[in-house]
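Open the model in your viewer and keep the sequence panel beside it. The stops below say what to select and what to look for.

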Amino acid sequence: MKLRKYFRGSGRVLAFVFVASVVWLLFDMAALRLSISEVNTQLLKEVVVKERELAKMQATKALKVEDRDFKHPLQRVQPDLGEGKKSDGFEGKVVEVYRKPGKFSGEVKRGDAEKKKKDNATLTEVRGRGKGVHGNKEIKERKKLKKHISGKETTVRNPVAQQAKTGTVEKDQRMALSHTKAPPAVREEKRPKEVVEEKLLKLHSNETKDTKVVPAQDTKLKSVQVTKVQNINIPVDSGLLKKTNRTATQDAHPAADPNADRLIQRADNKKGILLINSENKHTKKNDSTQALKGDTHKSSLQPGAMDPVKLPAQEPVRLLNGSSAVRRSGGLHKVMALDVTHAPRNMHAIGQFGQAAVVPMDKQEESRRRWSEGYFNVFLSEQIPVDRAIPDTRPQACSENLVHDNLPTTSVIFCFVDEVWSTLLRSVHSVLNRSPPHLLKEILLVDDCSTKDYLKEKLEVYMSQFPKVRIIRLKERQGLIRARLAGAAEAKGDVLTFLDSHIECNVGWLEPLLERVYMDRKKVACPVIEVISDKDMSYVLVDNFQRGIFKWPLVFGWSTLTEDYIRKKQMKDSDPIRCPVMAGGLFSIDKKYFYELGAYDPGLDVWGGENMEISFKIWMCGGEIEIIPCSRVGHIFRGENPYKFPKDRQKTVERNLARVAEVWLDEYKEVFYGYGYLHLLNKNVIDVGNLTEQIQLREKLKCKSFKWYLENVYPELEAPVVKAEGLVFNKGTRKCLALNNGSLSFEICDLSQQSQHFSYSWVRTVRQNASCVSPYGTGMGVTMQPCDNAKSDLRWLHKTNKALPEHLIAEVSPKGVFQRVCLEGGPKADSVYLKSCDSSSPFQKWQFTHYYAQ
């Protein structure tokens, strides 16, 4: 009662306000607590994230190595692969990539230059990765190049000086232009100094547009060795080419300077020094010294200073041009990533380091006009140095790979017809500059009867600088295939290396190829073919794990290995890749093995299908084809051939492919013909030539079947022998077609009855064993005839006509006029005959048990 009176009137209101305030306060405190909790949680998350980022940065700091060799973007393209990983094709996405860890900064750190006064020729040195790639150590190169121009000394500065900040002191940041800054080689922590003295003759400038060819002068210039091949039918045998009109022997000139090969010294961590004099005699100071012989490259160079050249320890010092071989002790060594030039590179030259070049506005019309000379940007190609540097695109592990000391020698064979001057020279220079000279036996330039004047005397004079280069001239146009046979017949190396005449070999390209051949002479090694843009001449790398494949009808393409396959095989990006079909333009093969296989089929004309022929031959006759990721070669892919075919191009390629199919595809040749080449079965349309020798060769080599090839080499390819097979069911009669005593009838469907089994082939025949259903019977009836793929009157259309998808359609000409009729079953299931096609009639609708292709 006492409490109740306090809740009367205004007391009740006060009590309500008090309770509401307490409740509100409780809610406010709870909300505040939640807010503080969320803030603390967020702060804690931020702290954790920052700590993780800091730890990650500290953990990866050692791995971030600033690239001191290249400071420019590199394009990467993912080609259309057809299977496995998909991509957007060459016209799709192009992204900027960079091989080494860390983001491109656009600056290069340059070490202080050491002053060394040596009046020697300049030899380019390629600097390698070594342990610096992993961030453990970074070696500072210090060099200075002195060029003597008009009696004045000129210092050439860092090629990327333009990227340095304004006001940067450069007087102690000079470097030798002979350092390409491009392809990383094998970098060691400690490397001996090599002192190479040689005076060379200047024959041309370093850039194509300024190239000048000087006439030979008595002892100053060697005449290029030229072999002229008369009208011949190139055999598969290697010694039957007729050789005439040799202008000079290989050693027909004395040295340009008696002191040129005076002395080579090598200090190997104070273990010994090897001396080599002009008589090619050497003296061993101790057992750790390697024997060398001077092999000098007489390229374009004016006399100037040469700084000591550093090479990896325990690797032989080699110079270009000369026929002497390196004497090696047995064992292994790291791949030599050479890039040797005698004229310092102009680091600011157009297209240097594989960068994209741009046509000036006032030269656009000239560039377009000259496109047809090579079906790429000929104008830009002429502005780019013939020995430009390109980026080292090999996987990181490649520079650390070991190869044998006693690798076989190779003859590099270029076949060309009316090739553009600048690309031909760039191809040759890339081989000379980036190949170990003791492995490069020779370079053979096979001229397939070119018509351009600059490819005649001018080419001979230019190539006379290089004793290893020989020119073979064919008197009549033979085509790529027979031109290669001519080059192979002249080759003296242990291994034949075929290259196209519009390529650029990358550093370290040759030894990985020869290593695979050395390990197994039946292995055919192909480099990774990268892209030189036909539009801006930039060097574009492609994805790893690419291999050559084909789709029907024998169309070559590229495919990426699936992630499952890579994971299953535990493959690294530097591992060789089994390749079902080679591209055909670039590969190395043991010379003796090449001829054991019968070389190329000499019956193939000009170009086309030769890559298929030799690929099937290699795999089916006991060999293997591999793509070697540590060997990279850039290639200009042209949209059209700049040269003319002696005959129609399409007919030439079709004939070659038909020849390959007849010899190597066995029963699967019908699949080839079924993909649009049925007209080739008509001998009146095309003559594939005599196949007897090739068939006998296959029997002699005891080659496996094409079915074996599909099962063991290329199981991913869909290649059903027939398009459909099984029982042939008629929807109107509800019975199946049967063959009894040579005539067709209907029976109750029974899979166990072989008389009811038919197949629908790729050449459009309905057959049972060797008998085919023919639309040419008595009146409008049908009959059975022996199968003959060349007879078009045995062919039926099925599943190809959208209006009549289930019909069997034949073309007949009872009165000389072709008309289409359909196979129909009698209503009483007692006959089979032809009748005008009716899309609604169930008696004209047929169904096979199994369909493998449409």
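## A walk through the chain

Begin by selecting residues 10-60, helix α2, which holds Leu-26; helices (H or I, at least four residues) and strands (E, at least two) are DSSP runs, numbered from the N terminus. This is a predicted model, in which local features need pLDDT of at least 70 and side-chain atom pairs count only at pLDDT 80 or more, while totals for chains, interfaces and linings use all residues. Residues are numbered from 1 along each chain as its sequence is written, and side-chain values use heavy atoms, with hydrogens and water left out.

**Stop 1: Leu-26.** Leu-26 counts as exposed because its relative accessibility is 53%; exposed means over 50% relative accessible area, buried under 20%, and partly exposed in between (1.4 Å probe, protein chains only). Now add Phe-18, Val-19, Val-22, Val-23, Leu-25, Phe-27 and Met-29 to the selection: with Leu-26 they form a nonpolar surface patch with about 810 Å² of accessible area together. Such a patch joins nonpolar side chains (Val, Leu, Ile, Met, Phe, Trp, Tyr) within 5 Å, from residues with over 30% relative accessible area and no salt bridge, that is, no side-chain nitrogen of Lys or Arg within 4 Å of a carboxyl oxygen of Asp or Glu. Areas come from the Shrake-Rupley method with a 1.4 Å probe, and for residues only the protein chains shown count as cover.

**Stop 2: Ser-631.** Select strand β24, residues 624-636, and find Ser-631 in it. Ser-631 counts as buried because its relative accessibility is 0%. Leaving aside neighbours within four places in sequence, Ser-631 is in contact with Trp-509, Pro-512, Leu-513, Pro-527 and Val-528; contact means heavy atoms within 4.5 Å.

**Stop 3: helix α12.** Select residues 649-664, the 16 residues of α12, which reach 23 Å from first C-alpha to last, close to the 22 Å expected at 1.5 Å a residue. That expected span is 1.5 Å times one less than the number of residues. Twelve of the 16 residues are buried, including Arg-655, Arg-659 and Trp-664. Show α7 (480-490) and α11 (610-620) as well, since both are among the elements covering the buried residues of α12.

At the N-terminal end of α12, Asp-648 acts as a cap, with a side-chain oxygen 3.1 Å from the backbone nitrogen of Gln-650. After the helix comes Asp-666, with a positive phi near 55°.

**Stop 4: helix α7.** Eleven of the eleven residues of α7 are buried, among them Arg-482, Arg-484 and Glu-490.

**Last view.** Zoom out: the protein chain has 15 helices and 35 strands, and 52% of its 854 residues count as buried.

Technical notes
Patches are made of residues with over 30% relative accessible area and no salt bridge: like charges are joined within 9 Å, nonpolar side chains (Val, Leu, Ile, Met, Phe, Trp, Tyr) within 5 Å. A polar contact is a pair of N or O atoms within 3.5 Å; within protein, one must be able to donate a hydrogen and the other to accept it, and residues adjacent in sequence count only if both atoms are side-chain atoms.
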